[in-house]
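This briefing covers one protein chain, from its overall dimensions down to a single pair of strands. Please keep the sequence and the model open while reading.

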Amino acid sequence: MRISIIGTGYVGLVTGACLSEFGLQVTCMDINEEKIGMLKEGTIPIYEPGLKDIVEKNIRLGRLFFTSDIKETVKNSTVVFIAVGTPPNEDGSADLKHVLSAACSIAENMEGYILYVNKSTVPVGTGKKIKEVVKKVLKDRGINLDFDVVSNPEFLREGSAVGDFMHPDRIVIGAENEKAREIMKNVYHILYQNKHPFVFTNIETAELIKYASNAFLATKITFINEIANLCEVVGANVQDIARGMGLDERIGKYFLHAGPGYGGSCLPKDTKALVSIGEEWGIDVSIVDEVVKANDRQKLRMVDKIISAMEYVDGRKVAVLGLSYKPETDDMREAPSITIVKELLKRGAIISTFDPVAMKNAMRYAFKKDEIYYVPNEYDAVDGADALVIITEWNQFRSLDIDLIREKMSGRFFFDLRNIYDRKVLEEAGFEYYGVGR
Ligand code: NAD
């Protein structure tokens, strides 16, 4: 069975690489020729631990190929995954132009049966739209070819994407008939044999499982952030509360870390898209709507925390450690650092920053080199700074040389927006310490 992946971004590349690691023949296609050129030369365009090794290995073993030629991709493929972006429209709904255009190009080039497997996160009803697009193209071509559509949403997390794909909590497959389900079982035969849980549903249910999962995670984060804000005024400690809550198995301990708000390529856009799906179908998803607003407020609250402690930032140097929306990724999409740094700049702060892998993307998508100072390490960032703000909890920021930091800084403000330091230790070292909700 030959597999193709249309869209070789975070999801497409990881899917392609991992399926080839399962022993399948996989071709990854992308319209971005620069990206494909890099991959052919063995350069991985994204930072994702463990990905380079399996890409190199499977290219060497002749199981993994890269191309920008859709014709070559679709020829001989039985299963074609769609893993293109679904960015938000201005009203928050998901923009389906890449998904439908990918479906269209597959249909224009198919020569026999194809199983269209949609991995992109899409609103309910997209499976049907893909079907209509394919039917129309085949009609225009004057041919009648058999095909099926499956929804197979992806749940991998950036930073642990390879492990997540190889050892998933569940594989969701929304299909309309037994043939499609059987093909999907074959694609994931290793996971099926290893008894990873499979959830077989209809297409609409599979599409909605993805949004419901991400909205629930965003709600959990936002819930603990609001509790943290309450902790700050009543004198409680949010980390103890999270532990006290999380030990209840019905609640669970994950996603209860208070901080500057969620970001990334998925939660912000998927929550907004779910609200928009609710509006489209006339159903109030008011909890998620409020989560979106509360998360925006949380980022700004971090700015207020900094300003109210420092009184003013105009002309003062603020060292920012960590820019990516979470550790172990270079993804800057909707990172809380963008809002926080922008607001500090507006108020006249001078920002010097270091992130272990995200600075290149930050320069490209967030702040130009003449807007903020990008420096080679955390200690250069704090040199002469009035304040230090930890925005992303990279491991190397968990064990800073506190004495050296104090020596290098000219001020004493220490904003730990991820609660990774012990207040007592920092205060004893002479810092004015601010965490979130404790
Ligand atoms: P991405 O932006 O990293 O990659 C998308 C790729 O698709 C790009 O390389 C782009 O050039 C390519 N593309 C666009 N139109 C194309 C076309 N017509 N033909 C071929 N290639 C085309 O996006 P991503 O982060 O991989 O996300 C893809 C989808 O998966 C989204 O719907 C996203 O919500 C979902 N998802 C993402 C993650 C994640 O952690 N990034 C996790 C789960 C699900």
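The points below go from the whole chain to one strand pairing.

The model is predicted. The chain contains 18 helices and 14 strands. With a radius of gyration of 24 Å, close to the 22 Å that the globule rule gives for 438 residues, the chain is therefore as compact as a globular protein of that length.

**Dimensions and packing**

- Along the principal axes, the C-alpha atoms of the chain fill a box of roughly 75 × 50 × 40 Å.
- Buried residues make up 55% of the 438 in the chain.
- Among contacts with a separation of 6 or more, 72% are between residues 24 or more positions apart.

**Surface and charge**

- The exposed area of the chain is about 19,800 Å², and 51% of this area comes from carbon and sulfur atoms.
- The chain carries 55 positive and 64 negative charges, and the mean positions of the two sets lie 3 Å apart.

**Strands 7 and 8**

- Which residues of strand 7 point one way, and which the other? Ile171 and Ile173 point to one side of this strand (residues 171-174), while Val172 and Gly174 point to the other.
- In a regular strand, side chains alternate between the two faces of the sheet.
- Residues on both sides of strand 7 are buried: Ile171, Val172, Ile173 and Gly174.
- Strand 7 runs parallel to strand 8 (residues 198-201), and four bridges join the two.
- Gly174 has Thr201 of strand 8 as its bridge partner.

Conventions
Residues are numbered from 1 along each chain as its sequence is written. This is a predicted model: local features need pLDDT of at least 70, side-chain atom pairs count only at pLDDT 80 or more; totals for chains, interfaces and linings use all residues. Side-chain values use heavy atoms; hydrogens and water are left out. The radius of gyration is taken over C-alpha atoms; the globule rule is 2.2 Å times the number of residues to the power 0.38. Buried means under 20% relative accessible area, exposed over 50%, partly exposed in between (1.4 Å probe, protein chains only). Contact means heavy atoms within 4.5 Å. Accessible areas come from the Shrake-Rupley method with a 1.4 Å probe; for residues, only the protein chains shown count as cover. Lys and Arg count as positive and Asp and Glu as negative; His and the chain ends are not counted. The place of a charge is taken as NZ of Lys, CZ of Arg, CG of Asp or CD of Glu. Two strands pair if DSSP finds at least two bridges between them.
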